[in-house]
2 protein chains.
Amino acid sequence: MKLEEKTLSSKTLYDGKIVRLEIDDVELPNGGSAVREVIKHPAGVAVAALTSDNELLFVRQFRYPFREVVLEIPAGKIDDKSTPPLENAKRELLEETGAVGFNYVPLGAFYVSPGFTDEVDFLYMCRVDHFEEQRLDEDEFVNVERIPLDKAVEMALNNMIPDGKTQTAILKTALLLKNV
Amino acid sequence: MKLEEKTLSSKTLYDGKIVRLEIDDVELPNGGSAVREVIKHPAGVAVAALTSDNELLFVRQFRYPFREVVLEIPAGKIDDKSTPPLENAKRELLEETGAVGFNYVPLGAFYVSPGFTDEVDFLYMCRVDHFEEQRLDEDEFVNVERIPLDKAVEMALNNMIPDGKTQTAILKTALLLKNV
């Protein structure tokens, strides 16, 4: 079956700090037409950082869309598209936790919700070399936490880790280290 | 550290077919203020459906935000909030692949990108009982495919599955069935 859709027209309804909303008219594979709502996003990075005691670093932060404090691995947007994702990941880890990592291994990238947004998240695993000071942005408030990897795997499998990228990174880290 | 943010004002800039864009002014934990861009989303469901030959059912469909045909497990929005996620998952599996499942097991829920959207995806695993006719929506075009579970795990670990929920569902299914 032919699957491609063709853009007929595109307009930007909102261009904000993080998201841009575009409303496009498209031609469907059968010649019909439809409206597509697209949220453009600058892409993200996230790091599963393991201490020498095999503990993973987490941050707890208030996630406004849920009005809730959420447990996640250190993560952030790609601020500067000219810098590779890995450099952004190193920067986010340092800013949010103060950790400086080594032995970075890519855990792949993924589309967070391809039905409506072009956000791609790049995941990494690393070992923690040492800690420096946290360097949070002005409007960023996070608490750092450590959880043993095997406990984190149990939490990910038992619905105690609500964040998607964090679930994926934990499971991939454990599978790569043959920890399951 | 105090983490909560307080809503000072909220306005809806766009209310569409899938997404609603809200721009809120918030009070930060330190008393300062910031703007939060929130994409409201009706939540989603996805199903890892295994045939009697241990093959997973996939669909390939054009995902407009990426202008690309993407390989995913059957999935969709929750159309009717009064219907439980599981019923929506069964409906999507039937509509997109024609499969009728049994032995449904929840694989947990996850936030797709808690920094900017309240979308939650509910994942399930099931066995395929039998096939009926696909029942696609008018503007839906998908090709169905089967991939052996062990091959799918390899693909998820080697960055050959770009979709996030699909990666997570494959890894959880394999871990639950001790297939890794």
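In this predicted model, strand β2(A) and strand β3 (residues 33–40) of chain A run antiparallel and are joined by eight bridges. One rung of that ladder pairs A:I23 with A:E37, its bridge partner in β3(A). The two strands make a hairpin with five residues between them, and within this hairpin A:G31 takes a positive phi near 90°.

β2(A) also has a partner on its other side in sequence. Strand β1 (residues 6–15) of chain A pairs with β2 (residues 20–27) of chain A, again in the antiparallel sense and again over eight bridges. Here the hairpin has four residues between its strands, and A:D15 sits opposite A:R20 in β2(A). So much for the start of the chain.

Zooming out, chain A has three helices and 10 strands. Reading from the N terminus, the order is β-β-β-β-β-β-β-α-β-β-β-α-α. Along its principal axes, the C-alpha trace of chain A spans about 60 × 40 × 30 Å.

Now for how the two chains relate. Any two copies of a chain are related by a rotation about an axis plus a shift along it. For this pair, chain A lands on chain B after a rotation of 180° with 0.0 Å of shift along the axis, at an RMSD of 0.0 Å. That is the relation of a two-fold axis. The copies meet through the same surface, because 100% of the interface residues of chain A are also interface residues in chain B.

As for the contact itself, chain A puts in 71 residues and chain B puts in 71 residues. Between them the chains bury about 6,300 Å², with 64% of that on carbon and sulfur atoms. On the chain A side, the residues that lose the most area to chain B are A:Y64, A:Y111 and A:F141, which together account for 12% of what that side buries.

There is plenty of polar chemistry to go through as well. Across the interface of chain A and chain B, 29 residue pairs are in polar contact, counting pairs with both residues at pLDDT 80 or more. Helix α3 (residues 164–176) of chain A supplies the largest share of the side of chain A that touches chain B, namely seven residues. By residue type, that side of chain A divides into 38 nonpolar, 14 polar and 19 charged residues.

Charge pairing comes next. Side chains of opposite charge can pair when their charged atoms come close. The structure holds 32 salt bridges over all chains, and the count between chain A and chain B is four. In one salt bridge, the side chain of A:R67 meets that of B:D24 at 3.5 Å, N to O. In another, A:D139 and B:R36 meet through their side chains at 3.7 Å, N to O. This second pair crosses between chains, with A:D139 in the loop between β9 (120–131) and β10 (142–148) of chain A and B:R36 in strand β3 (residues 33–40) of chain B.

Technical notes:
Residues are numbered from 1 along each chain as its sequence is written. Chains are lettered from A and ligands numbered from 1 in the order in which they are written. This is a predicted model: local features need pLDDT of at least 70, side-chain atom pairs count only at pLDDT 80 or more; totals for chains, interfaces and linings use all residues. Side-chain values use heavy atoms; hydrogens and water are left out. Two strands pair if DSSP finds at least two bridges between them. Copies are superposed by least squares on the C-alpha atoms of residues with pLDDT of at least 70 in both. Contact means heavy atoms within 4.5 Å. Buried area is the accessible area (1.4 Å probe) that two parts lose on being put together, summed over both. A polar contact is a pair of N or O atoms within 3.5 Å; within protein, one must be able to donate a hydrogen and the other to accept it, and residues adjacent in sequence count only if both atoms are side-chain atoms. Ala, Val, Leu, Ile, Met, Phe, Trp, Tyr, Cys and Pro count as nonpolar, Asp, Glu, Lys and Arg as charged, and the others, Gly among them, as polar.
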